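Student: Please take a close look at the strands in this model, and at one strand residue in particular. I would like its setting described before the rest of the chain is brought in.

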Amino acid sequence: MSRYWDTEITYSQPDADKLRKNAKETAKREKAKGKELAPVVIQGRNIVNSWWGKAWCENLEKYADYESRLDRGKRYVRTGAVVDLKVQKGKVQARVQGRRKAPYKVEIRISPLSEARCQYAIDRCGRKIENLETLLNGSFPEELKELFSGEKGLFPEPKEISFQCSCPDWALMCKHVAAVLYGIGARFDENPLLFFELRGIDVGRFIDVTLENRLDSMLKNADAPSSRIIETDGWEDMFGVLSR
């Protein structure tokens, strides 16, 4: 028997074939309009493969706020339902295919990185300049792992992430948002520097400040005594050189 106060709505879940068909039709319609989409394409069994992609997803999954909700998005991103995803400074705009023909609009916003946390990253990178070079070449030096995923890490916490979706699901995090969050990890696989873009970090400025601080530190210690400096007295005897 129906009751007036029964307000819970259950939506049917489209299967993978339906999602792929809708996504294909969306791409065709947008192309006809002269619009180019940036879909998330997952190759193979894993959604992410690089350190960047894995670390992003693991960071999300470790928070209890998201733990029970993210799984719903895995199927969607794997089936190609994220038909468009663009990373910008402080936000991600995406469209995710669902049970209807028109994709849902998703926007995820990331709070700007605080000056203190950005300076912490600069100081850590400046200790060994080769770390910064390796980082920006797309690889990840193991010794900088804590810089991103530690207590003061650069990966965002739940309180720094806000999102909205045009779908009728009233859940705090719907499957479309979850799919986009995994899609961001896949984007980092392709281009790690997008992480800095998302967090509002100007990579060029980041490098310049890091190098300047490194140089200042070297100059400050230039006149400091060092045990590695060999005194001039007696160096001929040390190396077996006969003085004339």
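**Strands and their surroundings**

Tutor: The model is a predicted one, and its protein has 11 helices and 4 strands. Of the 244 residues, 39% are buried. The accessible surface amounts to about 15600 Å², and carbon and sulfur atoms account for 49% of that surface. Among contacts between residues at least 6 apart in sequence, 72% join residues at least 24 apart.

The strands can be taken in order. Strand E1 covers residues 82–88 and pairs with E2 in the antiparallel sense, over 6 bridges. Within this pairing, Val 87 has Val 92 of E2 as its bridge partner. The two strands make a hairpin with 2 residues between them, and Gly 90 in the turn has a positive phi of about 80°. E2 also pairs with E3, again in the antiparallel sense and over 6 bridges. In that second pairing, Lys 91 is opposite Arg 109 of E3. Strand E2 spans residues 91–96, and 5 of its 6 residues are buried, so the rest of the structure largely encloses this strand.

The residue to single out is Glu 107, which belongs to strand E3 (residues 104–110). Is Glu 107 buried or exposed? Its relative accessible area is 17%. The cut-off for buried is under 20%, so Glu 107 counts as buried. The side chain of Glu 107 makes a polar contact of 2.9 Å with the side chain of Arg 109. Arg 109 is the residue that Lys 91 stands opposite. Leaving aside residues up to four places away in sequence, Glu 107 touches Lys 91, Val 92 and Gln 93, together with Ser 162, Phe 163 and Gln 164. Val 92 is the bridge partner of Val 87, so one neighbour of Glu 107 also takes part in the pairing of E1 with E2.

Helix H1 (residues 16–32) contains Leu 19. Leu 19 has 0% relative accessibility and is therefore buried. Residues touched by Leu 19, with those up to four places away in sequence not counted, are Pro 14, Arg 75, Tyr 76, Thr 79, Gln 97 and Gly 98. The C-alpha atom of Leu 19 is separated by 7.6 Å from that of Gly 80, although their positions lie 61 residues apart along the chain as a sequence separation.

Further along the chain, helix H8 (residues 175–190) is mostly covered, with 14 of its 16 residues buried. From first C-alpha to last, H8 reaches 23 Å, close to the 22 Å expected at 1.5 Å a residue.

The aromatic rings complete the description. The whole structure holds 9 aromatic pairs. One of them joins Phe 155 and Phe 195 edge-to-face, at 5.1 Å centre to centre and with 70° between the planes. This pair links distant parts of the chain: Phe 155 is in the loop between helix H7 (145–149) and strand E4 (161–165), and Phe 195, 40 residues apart from Phe 155, is in helix H9 (residues 194–198). Phe 155 and Phe 195 are both buried. Ring pairs also gather these two into a cluster with Trp 51, Trp 52, Trp 56, Phe 188 and Phe 196.

Definitions and conventions: Residues are numbered from 1 along each chain as its sequence is written. Side-chain values use heavy atoms; hydrogens and water are left out. Buried means under 20% relative accessible area, exposed over 50%, partly exposed in between (1.4 Å probe, protein chains only). Contact means heavy atoms within 4.5 Å. Accessible areas come from the Shrake-Rupley method with a 1.4 Å probe; for residues, only the protein chains shown count as cover. Rings of Phe, Tyr and Trp (its six-membered ring) pair if their centres lie within 6.5 Å; planes under 30 degrees apart count as stacked, over 60 as edge-to-face and the rest as tilted. The expected span of a helix is 1.5 Å times one less than its number of residues. A polar contact is a pair of N or O atoms within 3.5 Å; within protein, one must be able to donate a hydrogen and the other to accept it, and residues adjacent in sequence count only if both atoms are side-chain atoms.
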